[in-house]
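Biologist: Hi, have you got a minute to go through this model with me? I'd like to start with the pockets.

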Amino acid sequence: MINALYLSLEHARDAVPTCIVFDRCDAVLTSPYAYAFGMPLAYIGLAFYAAVFFCGLLVIVRGWKPPVSTVAAALAIIAVLASGVLFSIQAFVIGAFCLYCVISEIVSVLIVGVVGAIAYAARRY
């Protein structure tokens, strides 16, 4: 969430963050693929992480029950699929990687793992 917040703030300032690991991070962050439906992906990512955080709070309070469990699972699956597409675009279309984007893609995979583990544990009880 911090990653998406940072990118959102940088976008709002019309700034491109420097990349310390990959070359040409700016090529990814300023490409047409950095937008979906006319909105920066950083904003969409921030909304996603906020929704996942909210679902997590509800799971803590209410337990792993529908509709929270359904929403959490759907968000996780959509995020990992989108991350796969975005990673492929970086690799095969743009030919450059963005550290912040790769971190977000890894976090999406981790979220799917956590949601899957919680769902599995909830089915056992």
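Biologist: So how much space lies in the largest pocket?

Modeller: About 880 Å³ in this predicted model. A pocket here is an open set of points on a 1 Å grid over the protein atoms alone, with protein on both sides within 12 Å along at least five of seven lines. The volume is the space filled by 1.4 Å probe spheres set on those points, which are joined across faces, edges and corners.

Biologist: Which residues are closest to its centre?

Modeller: Ala34, Pro40, Leu41, Ala42 and Leu86, out of 39 that line the largest pocket. Lining residues have an atom within 4 Å of a point.

Biologist: And which element gives the most to that lining?

Modeller: Helix α4, with nine residues. At least two residues each come from α1 (2-12), α2 (25-29), β1, α3 (41-62), α4 (68-94) and α5 (99-124). Helices are DSSP runs of H or I with at least four residues, strands are runs of E with at least two, and both are numbered from the N terminus.

Biologist: Handy. In what order do the elements run?

Modeller: From the N terminus it goes α-α-β-β-α-α-α, which gives five helices and two strands.

Biologist: Before I go on, what should I know about the numbering and the cut-offs?

Modeller: Residues count from 1 along each chain as its sequence is written. The model is predicted, so local features need pLDDT of at least 70 and side-chain atom pairs 80 or more, while totals for chains, interfaces and linings use all residues, and side-chain values use heavy atoms, without hydrogens or water.

Biologist: Okay, new topic: where does Phe37 lie?

Modeller: Phe37 is in the loop between β1 (35-36) and β2 (39-40).

Biologist: Is Phe37 buried or exposed?

Modeller: Exposed, because its relative accessible area is 87%. Exposed means over 50%, buried under 20%, and partly exposed in between, using a 1.4 Å probe and protein chains only.

Biologist: What about Ile77?

Modeller: Ile77 sits in helix α4 and is partly exposed, at 49%. Its C-alpha is 8.7 Å from that of Ser108, 31 residues away along the chain.

Biologist: And how far apart are Phe37 and Ile106 in space?

Modeller: 23 Å, C-alpha to C-alpha, with their positions 69 residues apart in sequence.

Biologist: Last one: how much of the protein is buried?

Modeller: Buried residues make up 30% of the 125. The C-alpha atoms fill a box of roughly 50 × 30 × 25 Å along the principal axes.
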